[in-house]
Amino acid sequence: MYFTAGLILVIIAWIIQFYKTVIQKDKDINPYFLILYIIGVIFLVIGNLLANDIFTGILNLISALLPLLICIALLRN
């Protein structure tokens, strides 16, 4: 369940960013993309930990931390 929910959130995030970039021709990063992406990947991390897949969980955690840093930088500006 966590894997499915996480992947759905990641896909929704990418759809939002795709719309902003391709349809609206806006090259800025959408904050909703970052938030949904981070939450989605956190769900993936939880799923990995519940499945005892620690290595993939760590990789997913890293992939959640990097957009979190971008989100923090955007909020500071």
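1. Let's begin at a residue that is easy to find on the surface. Lys25 counts as exposed, because its relative accessibility is 62% and the cut-off for exposed is over 50%. Lys25 sits in the loop between α1 and α2. Its backbone also deserves a look: Lys25 has a positive phi of about 60 degrees, although it is not a glycine. Please keep in mind throughout that this is a predicted model.

2. Now step back to the whole chain. How many helices and strands does the chain have? There are 3 helices and 0 strands, and reading along the sequence gives the pattern α-α-α. The C-alpha trace spans about 40 × 25 × 15 Å along its principal axes. Of the 77 residues in the chain, 29% are buried.

3. Two further values describe the chain as a whole. Its accessible surface comes to about 5400 Å², and carbon and sulfur atoms account for 75% of that. If you take the contacts between residues at least 6 apart in sequence, 57% of them join residues at least 24 apart.

4. Next, follow helix α1, which covers residues 2-23. This helix has 22 residues and reaches 31 Å from its first C-alpha to its last, close to the 32 Å expected at 1.5 Å a residue. Which residues of α1 are buried? They are Gly6, Leu9, Val10, Ala13, Gln17 and Lys20. These residues cover an arc of only 100 degrees around the axis, so they lie on the same side of α1. On the other side of α1 you will find Ile11, Ile15, Phe18 and Ile23, which are exposed. The cover over the buried residues of α1 includes α2, residues 31-50.

5. One residue of α1 makes a good case study. Ile16 belongs to this helix, and is it buried, partly exposed or exposed? With a relative accessible area of 26%, Ile16 is partly exposed, because buried would require under 20% and exposed over 50%. Leaving aside neighbours within four places in sequence, Ile16 is in contact with Asn30, Tyr32 and Leu36. Try a distance in your viewer too: from Ile16 to Leu75 is 19 Å, C-alpha to C-alpha, for two residues that are 59 apart in sequence.

6. Asn30 came up among the contacts of Ile16, and Asn30 repays a visit of its own. This residue lies in the loop between α1 and α2. Asn30 counts as buried because its relative accessibility is 11%, and the cut-off for buried is under 20%. Apart from neighbours within four places in sequence, Asn30 is in contact with Ile16, Gln17 and Lys20. At the start of α2, a side-chain oxygen of Asn30 reaches to within 2.8 Å of the backbone nitrogen of Tyr32.

7. That brings us to helix α2 itself. Its 20 residues should span 28 Å at 1.5 Å a residue, and the end C-alpha atoms are 29 Å apart, which agrees. The buried residues of α2 are Phe33, Leu34, Tyr37, Ile38, Gly40, Val41, Leu44, Val45, Gly47 and Asn48. What covers the buried residues of α2? The cover includes α1 and α3, the latter running over residues 54-76.

8. Look at the aromatic rings as well. A search of the whole structure finds 4 aromatic pairs. Ring pairs link Trp14, Phe33 and Tyr37 into a cluster. Phe33 and Tyr37 also appear in the list of buried residues of α2.

9. Beyond α2 the chain enters another loop. Just after α2, Asn52 takes a positive phi of about 60 degrees, although this residue is not a glycine. Asn52 is found in the loop between α2 and α3. Is Asn52 buried or exposed? Asn52 counts as exposed, because its relative accessibility is 66%.

10. Finish in α3, the helix that holds Asn60. At 17% relative accessibility, Asn60 counts as buried. Which residues does Asn60 touch, leaving aside its neighbours within four places in sequence? Asn60 is in contact with Val41, Leu44, Val45 and Asn48. Each of these contact partners is listed among the buried residues of α2.

Technical notes. Residues numbered from 1 in each chain as written. Predicted model: local features only at pLDDT ≥ 70, side-chain atom pairs only at ≥ 80, totals over all residues. Heavy atoms only, no water. Helix = DSSP H or I, 4+ residues; strand = E, 2+ residues; numbered from the N terminus. Buried < 20%, exposed > 50% of the residue type's maximum accessible area, 1.4 Å probe, protein only. Contact = heavy atoms within 4.5 Å. Areas by Shrake-Rupley, 256 points an atom, 1.4 Å probe, with all protein chains shown as cover. Expected span 1.5 Å × (residues − 1). Arc of directions from axis to C-beta. Polar contact = N/O pair within 3.5 Å; in protein donor to acceptor, adjacent residues only side chain to side chain. Phe/Tyr/Trp six-rings, centres within 6.5 Å; stacked < 30°, edge-to-face > 60°.
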